Amino acid sequence: MRFLILLLAFLQSSIGLAQEVKAQVLDASSKKPIPYANVIFSENRGLVTNDEGFFSYNSEDEKLPELIKISSLGFEQLEIAPEKISGGIIYLTPKSIELGEVFLSNKNLSAKEIIEKVKEEVANNYNFDNSRKRVFLRQSDFNYVRRFDLEVDKSTIAGIDQRLMNEISSQIPRVSDSYKEVLADMYGNFDSQKLQIIKAANLHNPQSTQSLEELTDHLNSLFMNTLKERSYLKVRSGIIGVKIDEDELKEELVTKEKKKEKTPEEIEKARLESKKSLAKASDSRVKRLLNGMFWKEDITFNLFDKSNRYKYHLNGYAWIDNAAVYVIDFEPRWRSDFKGRIYVNTADFGVHRLEYENVRPLKKFRLFGISTADDVYRGKMIFVKDESGKYNLSYVERETGETVGIDRPLTIIEKNKHVPGRRKQNELDLDLNLKFSQIQKLQLVVYENEALAPGELEKLSAAADFEYETFKVYNPDFWNGYNIIEPNAAIKSFTALNSEDEEL
């Protein structure tokens, strides 16, 4: 009997391994990971490696394809049988390109002329037909506290001093991260989409700590214990001031009551609202990514819409997907914000890959010690050419971020005309020097791409319910059996700052 149990366990593990391929793609020369390499399993079915070169693929069929095609910019395309992947490592060999292999027109084209050719051939090169795409969307949110200085110039309130402010500052988390992951079927084209979610996960970080809440409660208590009956506050920062009356104080400065335990009905209602919110937000983010395709007009990344505002440099040739490509660098000429690199097919002027990043803040504001800057806007687009000669989206990524700064004095004065003596009762003078940054990264990878018959999109019914879980610690088993972009080390080590249970 023990032998049979062991045999069954072995067979089960063997079946699981036979239906999954998991590996890291490395440069054969440098042994460094190759990020965003194309991994093709069959016609219109594939994925890309993550930023550490890892990928995993789960076959919905009984067996894996006989060969996997792996390609990346500057490397020879590799065809390998899944069972021949040794030790979970796949090596790609760098490939140099001979100028004789490059398709050239009757005259040598300048980098600017190549860009114009790209614009002219968009309608011919890209697949704008309605299709069903299996997609995976990952949203990564990062928050950084760059500076949090509270300096007490004057305080007549017992217990509110520099020591307390230093303690509050030390409890502020300097870095926090959260992730949302969505597997879905997307119907439509680049201009219009309908999203039906299959499964979703939320690696939630409430961005708070119990010790910080206790300190702020203590600060409120000190204020409440000091305030006299019928007092009001004058709050001033520079030349800007506001009066807070007694009723407002009672409403704002109260000791926080303990949270009441939610009923099962309230928990279920919150869960449904959270799923509804996630579905709506996911739909909006996919639309935002696809509306940012390089050929669209009036978008933030305006390389092709405002091509005269950029300088272009033909930086040689490379090899990708068994095709020769022009390598073109671009940078601002005037009144533009981006630099980057674009890889253009020498035969049909289709874009295989595009990478860009801002060179200056897109927007800035500063007034009375308050500053904001939209200082991060970067991304990449990767397209794969199918057997019909059309380019299909394989991967798109965009990062956006802003920084907010506050460098101002803050004065809080308690006044009361109903007690003997002078009206001013207490005063707290602070110098605030705060700086915060937040970055959001969206990644969309396309795994499958199947054409839709005419009229099929209009008949599409409303999305069914989907599985949705919230985690405070990364769960490696949640996506077992599904194809997603492999989590990197940061996601695998994710743990929420506040590990207390919290229903969303």
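Helices (H or I, at least four residues) and strands (E, at least two) are runs assigned by DSSP and numbered from the N terminus. In this predicted model, the chain contains 8 helices and 21 strands.

**The chain as a whole**

Of the 504 residues in the chain, 46% are buried. The chain exposes about 27300 Å², and carbon and sulfur atoms supply 49% of that area. Among contacts with a separation of 6 or more, 68% are between residues 24 or more positions apart.

**Strand β2 and its partners**

Strand β2 pairs with β3 and also with β5, as the table sets out.

| Pair | Residues | Direction | Bridges | Opposite residues |
|---|---|---|---|---|
| β2 and β3 | 38–42 and 45–48 | antiparallel | 4 bridges | N38 and V48 |
| β2 and β5 | 38–42 and 68–71 | antiparallel | 3 bridges | V39 and I70 |

Strands β2 and β3 form a hairpin, with 2 residues between them. In the turn of this hairpin, N44 has a positive phi of about 60°.

**The two faces of helix α4**

Helix α4 comprises residues 162–171, and its buried residues are L164, M165, I168 and S169. These residues lie on the same side of α4, because they cover an arc of only 135° around the axis. The exposed residues R163 and S170 are carried on the face of α4 turned away from its buried side. Here, buried means under 20% relative accessible area, and exposed means over 50%. Helix α4 thus presents a buried side with L164, M165, I168 and S169, and a face turned away from that side with R163 and S170.

Methods
Residues are numbered from 1 along each chain as its sequence is written. This is a predicted model: local features need pLDDT of at least 70, side-chain atom pairs count only at pLDDT 80 or more; totals for chains, interfaces and linings use all residues. Side-chain values use heavy atoms; hydrogens and water are left out. Two strands pair if DSSP finds at least two bridges between them. Buried means under 20% relative accessible area, exposed over 50%, partly exposed in between (1.4 Å probe, protein chains only). The arc is that of the directions from the helix axis to the C-beta atoms. Contact means heavy atoms within 4.5 Å. Accessible areas come from the Shrake-Rupley method with a 1.4 Å probe; for residues, only the protein chains shown count as cover.
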